[in-house]
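User: I should like to learn how to read the features of a structural model in a formal and orderly way. Could we proceed from one feature to the next?

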Amino acid sequence: MGVGVGIGGFITFLTLASCFGDITKVDTSGASEITARQDKLTLQGVDASHKLAEHDLVRMNKYKELITRVGQKHGLDPAIIAGIISRESRAGSALDHGWGDHGKGFGLMQVDKRYHKIVGAWDSEKHISQGTEILIEFIRRIQAKFPAWPKEHQLKGGISAYNAGDKNVRTYERMDVGTTGGDYSNDVVARSQWFKSQGY
């Protein structure tokens with residue numbers, strides 16, 4: 001499906017989202033044991049990712065309207081934004097006055113102040129929009145780097161790059177080597193798929 005223009009010149013969400021692939025079709029091994037330990041889970045893998053996301057749902061729902069609006073604006077599935085927010089900041093509960101990662105990461109999506117000029121409040125639409133733009137830029141870099149990959153592989157590669165940079169993505173199978181917990185894209189994909197099942 002190509003990019004289409006809707007009423008008043010607005011590009012429709014569904015056609016834009018297709019540019020990045022379908023999150024429900026991305027394969028995933030889910031969370032590592034290290035990540036699962038955050039919530040003292042004895043599970044790991046996809047089940048652990050789903051449980052971690054479930055623990056964040058009440059907090060995430062406070063931002064659902066903002067997440068949906070940003071997703072539609074940028075043509076990215078809101079479930080993916082929710083997956084990133086769950087992983088990065090546990091929907092805000094892991095932050096100290098909006099900051100995480102020893103004062104380097106800002107906001108729900110943990111935008112790194114060393115590489116980006118911070119905009120908006122930590123839980124604002126502006127912030128979520130900035131984080132989403134950064135993610136989309138990484139997806140596009142992976143699309144350019146691996147043009148033969150299916151869209152869903154490029155999407156997963158972009159998610160991995162959001163954590164460790166596009167240079168860290170060298171092969172599809174080992175893209176999470178070097179990411180936090182060694183599972184970043186797999187965990188985010190599984191969480192995103194769960195949020196999708198919850199109406200995101």
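**Reading backbone, burial and annotation**

Analyst: We may begin at the end of a helix: glycine 165, placed just after α7, has a positive phi of about 90 degrees. Please keep in mind that this is a predicted model.

User: Which residues that are not glycine have a positive phi of about 50 degrees?

Analyst: Among them is arginine 90, which is not a glycine yet takes a positive phi of about 50 degrees. Arginine 90 sits in the loop between α5 and β1. Its relative accessible area is 9%, so arginine 90 is buried, the cut-off for that class being under 20%. Aspartate 101 likewise has a positive phi of about 50 degrees without being a glycine. Its place is the loop between β1 (99–100) and β2 (105–106). Because its relative accessible area is 42%, aspartate 101 is classed as partly exposed.

User: How should one check the length of a helix, and what span should α7 have at 1.5 Å a residue?

Analyst: The general idea is to set an expected span, 1.5 Å times one less than the number of residues, beside the distance between the end C-alpha atoms. Helix α7 (residues 151–164) has 14 residues and should therefore span 20 Å; its end C-alpha atoms are 20 Å apart, which agrees. For α3 (residues 46–61), with 16 residues, the expected span is 22 Å, and the end C-alpha atoms lie 21 Å apart, which agrees.

User: Where is the kink in α3 centred?

Analyst: The kink in α3 is centred on histidine 55 and amounts to about 40 degrees. The bend is the angle between axes fitted to the seven residues ending at a position and the seven starting there.

User: Which residues of α3 are buried, and what do they pack against?

Analyst: In α3 the buried residues are Ala48, Ser49, Leu52, Ala53, Asp56, Leu57 and Met60. They pack against α2 (33–36), α4 (64–74), α5 and α8 (184–197).

User: Why is α7 described as largely enclosed by the rest of the structure?

Analyst: The reasoning rests on a count: ten of the 14 residues of α7 are buried, so the helix is largely enclosed by the rest of the structure. These are Glu152, Gln154, Leu155, Lys156, Gly157, Gly158, Ile159, Ser160, Ala161 and Tyr162. The cover over the buried residues of α7 includes α5, α6 and α8.

User: How does one read a single residue within a helix; for instance, is threonine 132 buried or exposed?

Analyst: One combines element, accessibility and contacts. Threonine 132 belongs to helix α6. Its relative accessibility is 0%, so threonine 132 counts as buried. Leaving out residues up to four places away in sequence, threonine 132 touches Val70, His74, Leu76, Ile81 and Met109.

User: How do loop residues compare under this reading; are serine 124 and valine 177 buried or partly exposed?

Analyst: Serine 124 is in the loop between β3 (111–112) and α6 (125–145). With 16% relative accessibility, serine 124 counts as buried. Its side chain reaches the backbone oxygen of alanine 121 at 2.8 Å. Valine 177 is in the loop between α7 and α8. At 43% relative accessibility, valine 177 counts as partly exposed. Its C-alpha atom is separated by 9.4 Å from that of serine 160, the two residues being 17 apart along the chain.

User: How should a record be read beside the coordinates, and where does UniProt place the feature "active site"?

Analyst: An annotation is attributed to its record, then located in the model. An unreviewed UniProt entry places "active site" at Glu88 and Asp101. From this set, the lining of the largest pocket takes in Glu88 and Asp101. Glutamate 88 lies in helix α5 (residues 78–89). Apart from neighbours within four places in sequence, glutamate 88 is in contact with Leu108, Met109, Gln110, Tyr162, Asn163 and Tyr184.

User: Which residues does the annotation "domain: Transglycosylase SLT" cover?

Analyst: According to the unreviewed UniProt entry, this annotation covers residues 66–174. Over residues 66–174 the chain is 51% helix and 6% strand, with end C-alpha atoms 33 Å apart.

Conventions:
Residues are numbered from 1 along each chain as its sequence is written. This is a predicted model: local features need pLDDT of at least 70, side-chain atom pairs count only at pLDDT 80 or more; totals for chains, interfaces and linings use all residues. Side-chain values use heavy atoms; hydrogens and water are left out. UniProt positions are given in the numbering used here, feature names are shortened, and annotations may be inferred rather than shown by experiment. On a 1 Å grid over the protein atoms alone, a cavity is a set of points where a 1.4 Å probe fits but cannot get out, and a pocket is an open set with protein on both sides within 12 Å along at least five of seven lines; lining residues have an atom within 4 Å of a point. Helices (H or I, at least four residues) and strands (E, at least two) are DSSP runs, numbered from the N terminus. Contact means heavy atoms within 4.5 Å. Buried means under 20% relative accessible area, exposed over 50%, partly exposed in between (1.4 Å probe, protein chains only). A polar contact is a pair of N or O atoms within 3.5 Å; within protein, one must be able to donate a hydrogen and the other to accept it, and residues adjacent in sequence count only if both atoms are side-chain atoms.
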